Amino acid sequence: MTPLPLPSEPPALFKDLLVEPEEARSILRPQKDERYGFGFALSPYRGCGHGCRYCYVREYPNALHKPEDWGGWVSPKLNAPELLWSQRHKLHQARVFMASATDPYQPLERQYRLSRRCLEVLLLCPTTEVIVHTRSPLVLQDLDLLKAFGDRLTVGLSIPTDDDTVRQVVEPHAPAIPSRWAAAERLAAAGIQVTIGVAPLLAVHDARAFARRAKSSGAANAWVGGLRLLKQDPFYKLLADHGWLKVLDPDYKDGIRTAFLDAFPSRKRKREARTEPVAAPAPAMARQPGLFDRVS
Ligand code: SF4
């Protein structure tokens with residue numbers, strides 16, 4: 001594999017972001033999902049410029065950065081594509097989730113193209129299933145490459161609320177909700193399988209209209225996932241200050257989930273066939289969804 005040229009002089013700052021390129025020692029993290037079995041998580045970056053205020057990754061052990069610095073630094077893994085190429089023997093009939101600890105299409109990807117180059121490697125692994133999960137319409141810059149995967153690739157777009165004023169508070173550096181809908185529509189229109197991830201579930205204005213919007217985007221599937229708070233999480237106060245503590249209520253989540261099951265009836269039928277109650281009570285502080293959790 002011929003390495004592509006990297007940015008010659010990585011900027012110290014990228015729109016107020018501290019950029020700290022690094023050479024990664026590993027790139028595929030084994031991941032077990034209770035429903036879909038084993039897979040690998042692939043993160044071409046450490047850190048995330050979207051800096052969502054609830055992000056559970058902010059607490060991951062890090063010698064250089066405190067949780068409150070989350071969103072202010074990113075380490076592009078400069079050797080990610082080459083490392084992935086060297087590990088490709090692990091990927092036969094495996095599933096790769098990109099990414100669980102960063103957004104592969106955060107703004108830096110415009111410059112570094114590490115996610116694209118990792119996808120180019122995965123394209124050469126014909127039995128590997130790929131799930132690209134993002135909050136950004138920047139994913140559209142790789143539309144042709146995504147299409148080349150055919151039905152072994154899914155793009156998951158995270159749209160945790162139907163209200164962009166909520167997004168502006170909790171995901172201030174992530175793309176606006178309308179731009180995510182537009183991205184979902186363009187991807188689906190291009191024949192790419194799209195899943196809407198309502199995760200982590202935030203305050204929703206109109207659940208049924210939200211679910212109908214997801215369906216009309218052309219998405220094939222949707223899932224609803226709960227918020228996971230850290231110990232003594234300052235995000236709890238943010239929720240309280242805005243009157244959004246309802247998002248921690250299992251009944252609230254079940255109501256949203258039911259609206260999505262109604263909008264995606266094929267998923268509902270599969271769920272019922274498994275005799276699993278649609279509104280199964282979830283534990284308080286519901287767990288963050290598994291990598292491949294869906295609505296049904
Ligand atoms: S986009 Fe994902 S990884 Fe990035 S800050 Fe938001 S939740 Fe965390």
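This report describes the nonpolar cores, one helix, one small sheet and several unusual backbone positions of a predicted model.

**Nonpolar cores**

The largest nonpolar core holds 80 residues, and the members that touch the most others are Leu-119, Val-132, Leu-187, Ile-196 and Phe-260. Helix α6, which spans residues 177-189, supplies the largest share of this core, namely six residues. In soluble globular proteins, nonpolar side chains tend to be buried together. Ile-196 can serve as an example of the surroundings of one such member: leaving aside neighbours within four places in sequence, Ile-196 is in contact with Leu-157, Ile-159, Trp-181, Ala-184, Ala-214, Ser-217, Ala-219, Asn-221, Ala-222 and Trp-223. Apart from this core there is a second, separate one of eight residues, among them Leu-17, Val-74, Leu-108 and Tyr-112.

**Helix α7 and its surroundings**

Which residues of helix α7 are buried? In this helix, which runs over residues 207-216, they are Ala-207, Phe-210, Ala-211 and Ala-214. Viewed down the axis of α7, the buried residues fall within an arc of 95°, and they therefore line one face of the helix. The face turned away from that buried side carries Arg-212 and Ser-216, both of which are exposed. The cover over the buried residues of α7 includes α6, strand β9 (193-198) and helix α9 (250-263). Ala-214 appears in two of these descriptions, as a buried residue of α7 and as a contact of Ile-196.

The ends of α7 can be described as well. At the N-terminal end, Asp-206 acts as a cap, with a side-chain oxygen lying 3.2 Å from the backbone nitrogen of Arg-208. Just after the helix, Gly-218 takes a positive phi of about 100°.

**The sheet β1-β5-β4**

Three strands form an open sheet in the order β1-β5-β4, with mixed pairing. Strands β1 and β4 are the edge strands, each pairing on one side only. Strand β1 (residues 18-19) runs parallel to β5 and is joined to it by two bridges, whereas β4 (residues 45-47) pairs with β5 in the antiparallel sense over three bridges. Val-74 of β5 has a partner in each of these strands, since it is Val-19 that stands opposite Val-74 in one pairing and Gly-47 that stands opposite Val-74 in the other. Ser-75 of β5 is the bridge partner of Arg-46.

In a regular strand the side chains alternate between the two faces of the sheet. Strand β5, residues 73-76, is covered on both faces: Trp-73 and Ser-75 on one side are buried, and so are Val-74 and Pro-76 on the other. Val-74 is also one of the residues of the second core.

Ser-43 is found in the loop between β3 (37-42) and β4. Is Ser-43 buried or exposed? With a relative accessible area of 9%, Ser-43 is buried, because buried means under 20% relative accessible area. Not counting residues up to four places away in sequence, Ser-43 touches Ile-27, Lys-77, Ala-99, Ser-100, Ala-101 and Thr-102.

**Cis peptide bonds and positive phi angles**

Ala-99, listed above as a contact of Ser-43, is joined to Met-98 by a cis peptide bond, and its place is in the loop between β6 (95-98) and α2 (109-112). Another cis peptide bond joins Ala-199 and Pro-200, and Pro-200 lies in the loop between β9 and α7.

Gln-93 has a positive phi although it is a residue other than glycine, and it lies in the loop between α1 (80-86) and β6. At 63% relative accessibility Gln-93 counts as exposed, because exposed means over 50%. Arg-113, which is not a glycine either, also has a positive phi, and its place is in the loop between α2 and α3 (114-123). At 31% relative accessibility, Arg-113 counts as partly exposed.

The angles at these positions are set out below.

| Position | Backbone angle |
|---|---|
| Met-98 and Ala-99 | omega about 15° |
| Ala-199 and Pro-200 | omega about -10° |
| Gln-93 | phi near 55° |
| Arg-113 | phi about 55° |
| Gly-218 | phi about 100° |

How values were computed
Residues are numbered from 1 along each chain as its sequence is written. This is a predicted model: local features need pLDDT of at least 70, side-chain atom pairs count only at pLDDT 80 or more; totals for chains, interfaces and linings use all residues. Side-chain values use heavy atoms; hydrogens and water are left out. A nonpolar core is a set of buried Ala, Val, Leu, Ile, Met, Phe, Trp, Tyr and Cys residues joined through side-chain atoms within 4.5 Å. Buried means under 20% relative accessible area, exposed over 50%, partly exposed in between (1.4 Å probe, protein chains only). Helices (H or I, at least four residues) and strands (E, at least two) are DSSP runs, numbered from the N terminus. Contact means heavy atoms within 4.5 Å. The arc is that of the directions from the helix axis to the C-beta atoms. A polar contact is a pair of N or O atoms within 3.5 Å; within protein, one must be able to donate a hydrogen and the other to accept it, and residues adjacent in sequence count only if both atoms are side-chain atoms. Two strands pair if DSSP finds at least two bridges between them.
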